[in-house]
Amino acid sequence: MPTNQQIDAARLQGAIARNEVDQLLLPPDQRAQNQPVVTTTPGNITGVGRLFSNAFDDGQEPPAAPTAPTAINSRTGQHPSIANAQQQQQQCCVITTDVHARVVAPPLNRRNSNSRCNHSGSQRRRQTPASPPSARRRPTGTQHAAAAQPDPEDDPGNDHTDADDDNISIPQDVLDDMERERIEAEGGVLWDEDAITADINHVVNSRISKRTRKSYDDYTVRLIIFLFDHREKFPALIPPRLLTKLEAAALSDLQNTTRAGRPKAIRKFIRKAIRDCFQMIDPTDSSTHPINLEEMDFRTLAHFLSTFSKKATRVNVNGEDTVVPHQPGDDPSQVVHLRLGPSSYDSVTSSLANLYKECKVPRDINEKVKDLWATISVYKKGAARDGAKQRKEFGLRTSSGKDPMPFGAYELLCSILHRSRNPQHIAAHLFLTLDWNMLSRVDFIVSSNVEFIGMSSDALRFDVGLTKTDQEGKNNIDHPFHVYSCPENPVVCPVLAMAKHLVKNPRILVGNCKLFKGSNQYEHYFSIFRKIVNSPQHRQSFIDRGLDPKYFGTHSIRKGAVTHIASGVTSSPPIASICIRANWKMPGVMNRYIKWESAGDQYVGRCVSGRKRLDKTFAESIPYFDFSSYSMLEKEVKMRELDQWIKDRMLDGGENESIFFLFKSCLASLIYHRSWLNQTIHDENAIRISPFWYEDIPYANLVTTRYPWTRTEDTPEFTGIPVDVLYLAKIEEQTKRIEELEQRLKADNDRVIKAVNNHLDEALDARAVGGESYGMAKTMMEKLDQLIETSEKAFNDCIHNAAAPFAVGNRGDDDDDDVSFAGLAEEVVDFTPEEETVLHEQALDAAAKERSRQHIEKRKKNQILVGYHKGVLTPLLPEFKYHKKMNLKEMIDLWLVGNRAEHVPPFRVVTPKQVHHFDKNGKRLHDMKQFMQIIKKMAVDNRVWKPQGAKDDYWNSKTVIDMWNGIYDTVAPYLMTVTKSSNGADSTHKSRPDDQAWRTTLRKIKAAIKKGELVL
């Protein structure tokens, strides 16, 4: 804690910086309120001198007090003893003004060297007492320079010399704090040289993406390790400073052994030493470069590229030579080295070119380096031809790269993800459909923000930002990409996949976040795809659909989508529209003169969505709510009611209008395909425990799709429809009119014929044509039919009354389900292990789902709410299980509300005995109850729990949402996963809060309570 003397000294320094020292020498009643109280009469001016001595810590007694007339310069208004100090202070300060901020640069220490310089001036400022306007006014520009150089002739009382400045020692800590407060109060921005340098380096390094830089670094590390291992042949290429570090790291790698005592092949320490060297590169200092680039020649790089090969063993099959993967123990004479593809050589040369650029070494600095870059292209062409010749000789695949994914394989992969019980596959399904429909590189899908997604007529609209061919984001500013639904084939419908993802992750609807949370989404989702494609269960199915799992990669999806729309039918979209959507440059002047237009992109969007190009369903609209059958007033009321119902179940109450409209359109697709979803998604799918699934959505019966020939006033505008489909629409409209005319003619004919027959019957009966016995027989048959019907009804009533004492509720005799005694327990089909190995997992799921449906139908018919299973009367179905990886929000819904659509009651009324058949001893139920006690305490503290005296049916999806919003800030820290970032600091950038299981959250909260970090 600073003393009062130090505070006065610091204030004095602030006065010096603000040109306010004259205030200290005025009488107290004329002094500004924010100055220190110092008696400055001529007889006690030594007090001011002592403050100067303490402020600048010169360790000397203050000089004799000058007389009052000579204490202040008559022109500058400054005390002569501080004129030079004022000049130094002003020379160290720079004031610049622009449209963004006023930047002030006082001399600061480096304690905040890691802080980023903020030129926007938008950060929150600390409130400090404001100085008078005259005290805050400082010269700028040329005025500042003039003020920094006072004229000595105008200051006859100036006896302060340069020698006195050498003895001044400023207490920098206090000065920095006071100066920082002054600058922030004036709206300026602190100048931090280290922060600015870091910001400059960040901007320079942003020329390439992180993943590309990592790839470059990996190949450069391999090159340096090669040079180090052969340093006797290439002694001049590794700088001495790095060579010393690598030798020490190599010794550490030798000591890092496996259990068998052999050195590990990873060579962790030498790789770390090289990567650390990358961080220390200074273009102006060649000793910091990882390689002596001026000494690099073609022969050295060619030696390194010759190591890019794959070992194989030559074998003879049916009289022809071929190769198989090399195995230890194979005959050395039969081992061959197959060259890798051209992409491997391109990666090496690209990484080396990047190193030359970062070290600012020209690639024509000398003849040796110039020859390297001139010859390496010839070497790569020869290596590519030689490699192709090798592969052809041994009967191997000659083409490089990955195969395009056929539409059938894409449809199969979507189906597997859709039917999976894994909650992560919901997001993976959306990722796959967007990657296919956007024709874009995966980087755009990974970085897509929900704020950049909206609805445009009958399609999703994606505003495109940075791309590989547009690093500044200029070309696609007004070029939104359109993504269409596919009602005829919902498994590949991106709008339905978006609806499932938003329902599963409601926090996204708040906005201002990425569509896919967490880091490394590229690797995360493609690892899911590769695992499915290469799994023994599905591998053959993909091969049958034209996709060899060996040649499936990240570009397979993009290649398949482009191939599908460009070559799938004879009437494909223009190639220019495909290239623009895929962000490909067209050759020559085409790229300059052919630009983006919405019609072409919309046509591409419809074709790639999976719609049948040669069928009328190609023109089908997106599912939507159709209120056209109501009057204007009724329509307005019902639409408001629907909107309010949806907003009540959104976490932010639907405040973001664009996101609300997006979600409402996606929800319409979910409602439209509800019956299909109920039959196809897994019983433990996370969608089933969402309020948008188990609650009755208002006006769900009004969701429909239309065609151009059946549209109404509420139908969204049709876009992306080509001319031939419009002609088809006209034909369909005429066909429909003809069919209606035929039906009317047929109905009129039937009516006329019936009227004629009735008239003839009446005329014949009136004349007793056919004899009297004919009329009497007809009357007797009619009365006999009435008698039989009355008898059957009386008999059924009698049987029902006789069986009533043995029924539960209004149970029928023909049911053997849901009784109150063990003798008539529910019949559950158990499959033997042999049968389970034969039956597919989806077939087992379908069988269990069919049994559940039958049980539900019986209970609905008999109005029975409980059933007898495993010796216990339970309200749960025999097939019920806890959903896999259920998150905290879903667990709260299950506990408080249950799932009416699946006939699951709120778990707060379920006992351990009723769950013993899938939850041994009710342990999970006990954990739920314990967790809900914690949640209740949090909700009570935030005043969002059930009001006292509320009814038992208080809890519903809306009240749960309100409670969840009230406690989210309290539980949010425990939904995050803390990892170490690249700089060693704690980070939550890898967190996926909606994917974290509730039991994991419970463990974190328990640990926090135990440590005292959370007090309830």
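These legends go with a set of close-up views of a predicted model.

**View 1. Three strands, β5, β4 and β6, make an open sheet.**
Read across the sheet and the order is β5-β4-β6, with antiparallel pairing. The edges belong to β5, covering 320-325, and to β6, covering 335-339. Each of these edge strands finds a pairing partner on one side only. From one strand to the next, the twist averages 50°.

**View 2. Zooming in on β4 and β5, we get an antiparallel pair held by six bridges.**
Strand β4 takes in residues 309-317. Want a landmark to click on? Try N316, whose bridge partner in β5 is D321.

**View 3. On to the pairing of β4 with β6, where the count is five bridges.**
Here too the strands pair in the antiparallel sense. A handy residue pair for finding your way is K311 and H337: K311 stands opposite H337, and H337 sits in β6.

**View 4. Helix α16 lies across the strands β4, β5 and β6.**
This helix is made up of residues 367-393. Against β6, helix α16 runs at about 130°.

**View 5. H429 is tucked away in helix α18.**
The helix spans residues 424-438. Is the H429 side of things buried or exposed? H429 counts as buried because its relative accessible area is 2%, and the cut-off for buried is under 20%. Who surrounds H429, once its neighbours within four places in sequence are set aside? The contacts are C414, L417, H418, V491, A497 and K500.

**View 6. Strands β7 and β8 fold back on each other as a hairpin.**
Strand β7 is residues 453-456 and strand β8 is residues 459-462. Four bridges link the two in the antiparallel sense. One of the pairings to look for is S456 with A459, the latter being in β8. Two residues lie between the strands. In the turn, S457 has a positive phi of about 60°.

**View 7. Strand β8 also pairs with β9.**
Strand β9 is residues 481-483, and three bridges join β8 to β9. The two run antiparallel. To spot the pairing on screen, go to R461 and look for H482, its bridge partner in β9.

**View 8. C486 and C493 are shown here without a disulfide between them.**
How many disulfides does the model hold? The count comes to zero. C486 is in no disulfide, and the nearest cysteine sulfur to the one in C486 belongs to C493, 6.4 Å away. Why no bond for C493? The closest cysteine sulfur, in C486, is 6.4 Å from the sulfur of C493, so the gap is too far for a bond; a disulfide needs the two sulfur atoms within 2.5 Å. As for burial, C486 is buried, with a relative accessible area of 0%. C493 counts as buried too, at 1% relative accessibility.

**View 9. Residues 728-758 carry a "coiled-coil region" feature in UniProt.**
The label comes from an unreviewed entry. In the model, this span is 100% helix and 0% strand. From end to end, the C-alpha atoms of residues 728-758 lie 44 Å apart.

Notes: Residues are numbered from 1 along each chain as its sequence is written. This is a predicted model: local features need pLDDT of at least 70, side-chain atom pairs count only at pLDDT 80 or more; totals for chains, interfaces and linings use all residues. Side-chain values use heavy atoms; hydrogens and water are left out. Two strands pair if DSSP finds at least two bridges between them. Axes are lines fitted to C-alpha atoms, for helices over the stretch in contact, and angles run from 0 to 180 degrees between N-to-C directions. Contact means heavy atoms within 4.5 Å. UniProt positions are given in the numbering used here, feature names are shortened, and annotations may be inferred rather than shown by experiment. Buried means under 20% relative accessible area, exposed over 50%, partly exposed in between (1.4 Å probe, protein chains only).
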